[in-house]
Amino acid sequence: MSLEPQIDTEPDQAKAERRDVRILVVDDDVTQRALLSQAAKLCGHAVTGAASCGEALEQLKAAKFDCVTLDLQLEDGCGLAVLEAMSKLRYAGTVIIISGMDGLYRTAARRYARWAGVELQSLPKPIDLSALRVCFADLGKTAAGLPAVHSWGGVASDRVADEHRDTTP
């Protein structure tokens, strides 16, 4: 390992082609939304917040996001309504459900999302920040065309993910 200063040799064109991963954080709890937003920003991602289903739908129609973190229980409705709208908008990014609902409800949401054509991960509340960091790090890798490293330590390719995807509604 050299102690010489590192010189940035990346071409300017490659730098210009890179962009921030854009994340929409949907949670009606101000503290939770701030926590998720800060974690995403620390990973170098650009963050937009939404406190309700209505705000989330407005943001999804107005801008393109690479990832949406979504609480299932919002003041003005159910997060499943947001998933349904995302399907109709042909949303192609990642969804991370972060909810205090029980595991059965999160599993049902995951099945519904896959049936609707939306790729989804699920994390329970209170949020495990290390698992969240892995999810956010995977976003950057996926955007760069690299395989995602999941919290269980394995590497998933599209083929492996497709083989294990549950397609039942």
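Against which strands and which helix do the buried residues of helix 3 pack? In the predicted model examined here, the buried residues of helix 3 pack against strand 1 (22-26), strand 2 (46-50), strand 3, strand 4 (73-74), strand 5 and helix 4. The chain in which this packing occurs has 169 residues, of which 34% count as buried, and its secondary structure comes to 7 helices and 9 strands. Among the contacts between residues at least 6 apart in sequence, 66% join residues that are at least 24 apart.

The residues of helix 3 that are buried are C53, A56 and L60. Around the helix axis these residues cover an arc of only 60°, which puts them on the same side of helix 3. The other side of helix 3 carries E58, K61 and A62, which are exposed.

The packing of helix 3 with helix 4 was then considered. Two packed helices are described by the angle between their axes and by the distance between those axes. For helix 3 (residues 53-62) and helix 4 (residues 79-88), the angle is about 15° and the axes lie 10 Å apart. Because angles under 35 degrees count as roughly parallel, this angle makes helix 3 roughly parallel to helix 4. The crossing of helix 3 and helix 4 is right-handed, and the contact is made by C53, A56, L57 and L60 on the side of helix 3 and by V82, A85 and M86 on the side of helix 4. Classified by residue type, the contact of helix 3 with helix 4 has 7 nonpolar residues, with no polar and no charged residues. C53, A56 and L60 therefore appear both among the buried residues of helix 3 and in its contact with helix 4.

In helix 4, the buried residues are G79, V82, L83, A85 and M86. Viewed down the axis of helix 4, these buried residues fall within an arc of 165°, so they line one face of the helix. Their packing partners are helix 3, strand 3 (67-70), strand 5 (77-78), strand 6 (94-99), helix 5 (103-115) and strand 7 (119-124).

Helix 4 also packs with helix 5, at an angle of about 15° and with the two axes 10 Å apart. That angle makes helix 4 roughly parallel to helix 5, and helix 4 passes helix 5 in a right-handed crossing. Here L80, L83 and E84 in helix 4 meet Y105, A109, Y112 and A113 in helix 5. By class, the contact of helix 4 with helix 5 has 6 nonpolar residues, no polar residues and 1 charged residue.

Two residues in the strands that helix 4 packs against were considered individually. L120, which is placed in strand 7, has a relative accessible area of 2% and is therefore buried. Not counting residues up to four places away in sequence, L120 touches L83, V95, I97, A109, R110, A113 and R114. One of these, L83, is among the buried residues of helix 4, and both L83 and A109 take part in the contact of helix 4 with helix 5. L120 and V68 are 52 residues apart in sequence, while their C-alpha atoms are 9.4 Å apart in space. T94, in strand 6, has a relative accessibility of 18% and so counts as buried, the cut-off for burial being under 20%. Leaving aside neighbours within four places in sequence, T94 is in contact with D66, C67, V68, E119, Q121 and L139.

Two features of the backbone geometry were also noted. Most residues other than glycine have a negative phi, and most peptide bonds are trans. R90, which lies in the loop between helix 4 and strand 6, has a phi near 60°, a positive value in a residue other than glycine. The position of R90 is just after helix 4, and R90 is exposed, with a relative accessible area of 73%. The peptide bond from K125 to P126 is cis, with omega near 0°, and P126 is located in the loop between strand 7 and helix 6 (129-143).

Notes: Residues numbered from 1 in each chain as written. Predicted model: local features only at pLDDT ≥ 70, side-chain atom pairs only at ≥ 80, totals over all residues. Heavy atoms only, no water. Axes fitted to C-alpha atoms, helices over the stretch in contact; angles between N-to-C directions. Helix = DSSP H or I, 4+ residues; strand = E, 2+ residues; numbered from the N terminus. Parallel < 35°, antiparallel > 145°, perpendicular 65-115°, else oblique. Left-handed = near helix turned anticlockwise from the far one by under 90°. Contact = heavy atoms within 4.5 Å. Nonpolar A, V, L, I, M, F, W, Y, C, P; charged D, E, K, R; others polar. Buried < 20%, exposed > 50% of the residue type's maximum accessible area, 1.4 Å probe, protein only. Arc of directions from axis to C-beta.
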